[in-house]
Amino acid sequence: MNLILHVWRQKGPKDKGRLERLEARDISCDMSFLEMLDVVNEDLIKQGAEPIAFDHDCREGICGTCSQVINGQAHGPQAKTTVCQLHMRQFGDGDEIYIEPWRARAFPVIKDLVVNRTAMDRVVEAGGFISVSTGGVVDANAILIPKEDADTAMDAAECIGCGACVAACPNGSAMLFVASKVAHLAKLPQGQPEAARRVCAMTDAMLKEGFGNCSNHYECEAACPKGISVKFIAMLNREYLKALPRTMKDQGK
Ligand code: SF4
Ligand code: FES
């Protein structure tokens, strides 16, 4: 199939940027979206032009690196699918496709489709971990965890940190991302000792990094390639309310 692409080109963070019209020729419907871009880039390189810069790593839906808004939708038109797992059979011959980077204040564009997502790393650094010694494999198995809690924790832990929730939200909110990190640890006994400190520190970091607040548009859940539910945002709010009196007491207030 042949396609017309309108790709966001931006030389660097200070460049204004613009959409560039490019042609993608002889594309197989079995190619992934990123493989289609590889073909376009090979053509550009042959012509002596600058290839399109885009992020990718695993290309199997687990690293969260591939971050593109396709025809106005973060990760494109297929539900619960990362850009690297999106295939060209989702499009038709002659289609025009608009490809842009994640758009959010906390994700400045580095080049073309590549954005700086280190703000999310700093939110995780603020508290998305446990400091207790978890011992060996045997110790982990010695702590019994109700099946329902383990399942909920695993559902939240599916988050791959891609940032599509932020890109899809009109407020650039990272609450679904933060909620998934807080919830997966809050549901496990190993996450309990630091639960109050964690939720406050991660929420503070989220606000400091320029992410907005949730106003219940639910676009995050619709864009999430892992189907993380907005119920975790409710859980984040509950954890925060539970933590406030404890952290205020610790601070002597
Ligand atoms: S919650 Fe979903 S959309 Fe947001 S970072 Fe995690 S996997 Fe990506
Ligand atoms: S490249 Fe790893 S999830 Fe897409």
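1. Helices and strands are DSSP runs, a helix having at least four residues and a strand at least two, and they are numbered from the N terminus. With that in hand, Ser32 can be placed in the loop between strand S2 (18-24) and helix H1 (33-46). Please keep in mind throughout that this is a predicted model.

2. Is Ser32 buried or exposed? Because buried means under 20% relative accessible area, Ser32, at 6% relative accessibility, counts as buried. Leaving aside its neighbours within four places in sequence, Ser32 is in contact with Cys84, Leu86, His87 and Met88.

3. Two helix pairs deserve attention, and a general point helps in reading them: two packed helices are described by the angle between their axes and by the distance between those axes. Helix H4 (residues 147-157) packs with helix H6 (residues 175-186) at an angle of about 150°, and the two axes lie 8 Å apart. Since an angle over 145 degrees counts as roughly antiparallel, H4 is roughly antiparallel to H6.

4. The crossing in which H4 passes H6 is left-handed. On the H4 side the contact is made by Ala153, Ala156 and Ala157, while H6 contributes Ser180, Ala183 and His184. Sorted by character, the residues of this contact of H4 with H6 are four nonpolar and two polar, with no charged residue.

5. The second pair consists of helix H2 (residues 118-127) and H7, whose axes come within 7 Å and cross at roughly 155°. By the cut-off of 145 degrees, over which an angle counts as roughly antiparallel, H2 and H7 are therefore roughly antiparallel to each other. Here H2 passes H7 in a right-handed crossing.

6. Which residues of H2 and H7 meet? From H2 come Arg122, Val123, Val124, Ala126 and Gly127, and they meet Arg197, Arg198, Ala201, Met202, Ala205 and Met206 in H7. The residues of this contact of H2 with H7 divide into seven nonpolar, one polar and three charged.

7. Helix H7 (residues 195-208) can also be checked for length, because at 1.5 Å a residue its 14 residues should span 20 Å, and its end C-alpha atoms are indeed 20 Å apart, in agreement with that expectation. Just after H7, Gly210 takes a positive phi of about 95°.

8. How many of the 14 residues of H7 are buried? The count is 10, so H7 is largely enclosed by the rest of the structure. The buried residues of H7 are Ala195, Ala196, Arg198, Val199, Cys200, Ala201, Met202, Thr203, Ala205 and Met206.

How values were computed
Residues numbered from 1 in each chain as written. Chains lettered and ligands numbered in written order. Predicted model: local features only at pLDDT ≥ 70, side-chain atom pairs only at ≥ 80, totals over all residues. Heavy atoms only, no water. Axes fitted to C-alpha atoms, helices over the stretch in contact; angles between N-to-C directions. Parallel < 35°, antiparallel > 145°, perpendicular 65-115°, else oblique. Left-handed = near helix turned anticlockwise from the far one by under 90°. Contact = heavy atoms within 4.5 Å. Nonpolar A, V, L, I, M, F, W, Y, C, P; charged D, E, K, R; others polar. Expected span 1.5 Å × (residues − 1). Buried < 20%, exposed > 50% of the residue type's maximum accessible area, 1.4 Å probe, protein only.
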